[in-house]
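Here are my notes on this entry, set out point by point. Please read them with the model open.

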Amino acid sequence: MKNYQGKKVLITGGTHGMGFATAQMLLSAGAEVIVTGSNEQRVAVAQEALGKEAVALRSDATSMADIQALAAYVKAHAGQVDLVHINVGFSLLELTAAVTEESYDKTFDINTKGAFFTAQQLSPLVKDGGAIVFTTSIANTSGYAGMGTYSGAKAAVSAFMKVLAAELAPRGIRVNAVSPGFISTPTMGVSGVSAAELAQFEALGNAITPMKRHGRMEEVANAVLFLGFEATFTTAAELTVDGGLSHRLTLPS
Ligand SMILES: NC(=O)c1ccc[n+]([C@@H]2O[C@H](COP(=O)([O-])OP(=O)(O)OC[C@H]3O[C@@H](n4cnc5c(N)ncnc54)[C@H](OP(=O)(O)O)[C@@H]3O)[C@@H](O)[C@H]2O)c1
């Protein structure tokens with residue numbers, strides 16, 4: 001286990017799922033961690049679970065006022081941070097014919113607008129030589145039925161990541177993304193689905209992933225920490241953590 005003593009990390013969308021797993025991994029290695037979520041109750045549960053070395057804050061990624069308040073909090077309490085992990089995400093399983101203006105806007109507000117303005121407001125607080133890691137999705141380069149708005153929203157995040165990598169290179173700040181495939185998290189990354197639909201979605205993941213299983217949250221956390229701290233000559237990269245799913249592998253018969 002690496003030692004992250006003295007490192008300061010902000011994880012947006014860190015109150016459950018893979019962001020929470022990343023926070024736990026960092027805390028057990030000595031880092032100071034701030035996590036955010038939009039739901040007051042889940043923020044309180046995360047604070048209790050992460051303990052006093054962590055701070056869990058309610059901050060809605062769709063609200064510019066909340067993002068600015070988050071930046072002000074980080075500036076006042078941490079000064080500068082070594083890593084900002086922009087992990088908030090939201091997806092519905094919704095065929096194009098069923099998409100409404102409301103669901104389109106919600107998906108783009110949370111995934112795209114939230115990621116963009118979080119990066120804009122927080123990047124001045126990243127130390128020179130530090131890092132930003134976004135969470136995208138392999139959906140952004142695939143064609144999964146029912147994931148049109150989500151795929152488009154995450155593809156935009158991938159584009160933002162590359163531009164920010166160029167803009168922050170003069171400060172030695174590396175900007176990358178982790179791109180998960182099917183990962184076992186409490187929500188599986190999808191909202192508003194029935195238990196049966198979720199089970200079907202899970203079965204699909206196991207069937208089509210070359211490694212024939214879901215990824216674990218810790219496996220994504222490992223990739224985030226690699227990009228954040230170890231990959232010192234890597235910027236503008238999107239690292240897939242997907243059991244080979246996005247790489248057109250042909251398995252032996
Ligand atoms: N699980 C997968 O298989 C998978 C695959 C590919 C990509 N991803 C992406 O990976 C990331 C993490 O996914 P996950 O499955 O671990 O968990 P998740 O259900 O997507 O939630 C992750 C976090 O985002 C927070 N969040 C959601 N909306 C928010 C908002 N408006 N403002 C602030 N925080 C918000 C949640 O807190 P609250 O509940 O309090 O809002 C939670 O802390 C997401 O970006 C997701 O799109 C997931």
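**Notes on the ligand site and the fold**

1. Start with the ligand. It sits in the largest pocket. Keep in mind that this is a predicted model.

2. Next, the shell. The ligand has 31 residues around it, and those that come nearest are Thr-15, Ser-38, Tyr-150, Thr-185 and Thr-187. By class, the shell holds 19 polar residues, nine nonpolar and three charged.

3. Which elements each supply at least two residues of this shell? They include helix 1 (17-28) and strand 2 (32-37). Helix 5 (148-168) is another.

4. Now the polar contacts. Two threonines from the nearest group reach ligand oxygen atoms through their side chains. For Thr-187, an N or O atom of the side chain is 2.6 Å from an oxygen atom of the ligand. For Thr-185, the corresponding distance is 2.7 Å. Arg-42 also takes part: a polar atom of its side chain lies 2.8 Å from a ligand oxygen atom.

5. How much of the ligand's accessible area does the protein cover? On its own, the ligand has 870 Å² of accessible area, and the protein covers 93% of this.

6. On to the chain. It has seven helices and seven strands. Read from the N terminus, the order is β-α-β-α-β-α-β-α-β-α-β-α-α-β. Two helices follow one another just before the final strand.

7. Last, the dimensions. The C-alpha trace spans about 50 × 40 × 35 Å along its principal axes. The radius of gyration is 17 Å. That agrees with a compact globule, because a globule of 253 residues would have a value near 18 Å.

Definitions and conventions: Residues numbered from 1 in each chain as written. Predicted model: local features only at pLDDT ≥ 70, side-chain atom pairs only at ≥ 80, totals over all residues. Heavy atoms only, no water. Near = heavy atom within 4 Å. Polar contact = N/O pair within 3.5 Å; in protein donor to acceptor, adjacent residues only side chain to side chain. Areas by Shrake-Rupley, 256 points an atom, 1.4 Å probe, with all protein chains shown as cover. 1 Å grid on protein atoms, 1.4 Å probe; cavity = no way out; pocket = protein on both sides within 12 Å on 5 of 7 lines; lining within 4 Å. Sits in = over half its atoms within 2 Å of the grid points. Helix = DSSP H or I, 4+ residues; strand = E, 2+ residues; numbered from the N terminus. Nonpolar A, V, L, I, M, F, W, Y, C, P; charged D, E, K, R; others polar. Rg over C-alpha atoms; globule rule 2.2 N^0.38 Å.
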